[in-house]
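Trainee: Got a minute? I'd like to walk through this one with you.
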Amino acid sequence: MPSRPVSNPFGVPLAKPVDEVPAGALTTLRRKARDCQACPLWRYGTQTVFGQGPASARVMLIGEQPGLQEDREGVPFVGPAGQLLDRALGEAGLDRSALYLTNTVKHFKYETRGTAKLHKRANAAEQAACRMWLAAELLRVQPKLVVGLGAMAAQTMFGNAFRITRERGVWRPLGEGTQGLATWHPSAVLRMPEEEKRHQAFAEFVADLRSVAGALGKLA
């Protein structure tokens, strides 16, 4: 069943709780987030990877957490997953420069294997500690359409019962005047072992982004 609109104490359109929301414009938030030590992940990453995009963006895309390339450059979605995202956005008719792109978690978490740094999923406590930055971004940007890329973002938006495999691409109310949907994370598409499944997932990903483009075109 579709979830009901979410109401956090701070008016943040997220199903998962937020204990505090930092104050300030996006430039101030980005500066504050650079020094965040609310969880141990600051010891992993080279830098905080804050969101990027116009403060007036009507669409916000929320991913999961930065990867190696994002950690190096300090910008979300610039690695292989970002390249696939750009391709999908192009096919869907969405202009990346008009969107606000961010992640649920702002630091790269990894485990070492030899000299390689392999992505490791942030745990529940680390996600909770970082949620204040996502909440602040949502409150500052005030997007009309919010897109969760992957399970971590989707469950932050809609709750732990949400499953991408059965509920992706469905619009749900997130709050007054805000709608949200969730879809595949581009890295999940890249990781699918079978070529046929990758093609199918990518087609579904593009279809969901086209739904976003259509909803954007209907906004006043």
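Mentor: Sure, one term to start. A nonpolar core is a set of buried Ala, Val, Leu, Ile, Met, Phe, Trp, Tyr and Cys residues joined through side-chain atoms within 4.5 Å. Buried means under 20% relative accessible area with a 1.4 Å probe, protein chains only.
Mentor: This is a predicted model: local features need pLDDT of at least 70, side-chain atom pairs count only at pLDDT 80 or more, and totals for chains, interfaces and linings use all residues. Residues are numbered from 1 along each chain as its sequence is written, and side-chain values use heavy atoms, leaving out hydrogens and water.

Trainee: OK. How many residues has the largest nonpolar core?
Mentor: The largest nonpolar core has 60 residues. Leu 61, Trp 133 and Phe 205 have the most contacts inside it. Helix 4, residues 124-141, gives the largest share, nine residues. Helices here are DSSP runs of H or I, at least four residues, and strands are E runs of at least two, numbered from the N terminus.

Trainee: Now the sheet. What's the strand order?
Mentor: The order is 2-1-5-7-6, in an open sheet with mixed pairing. Two strands pair if DSSP finds at least two bridges between them.

Trainee: Which strands stand at the edges?
Mentor: Strand 2 (100-103) and strand 6 (172-175). Each has a single partner strand, so one side of each lacks a neighbour in the sheet.

Trainee: And how do strands 1 and 2 pair, parallel or antiparallel?
Mentor: Strand 1, residues 59-63, pairs with strand 2 in the parallel sense, over four bridges. Leu 61 has Leu 101 of strand 2 as its bridge partner. Leu 61 is also one of the core residues with the most contacts.

Note on methods:
Buried means under 20% relative accessible area, exposed over 50%, partly exposed in between (1.4 Å probe, protein chains only).
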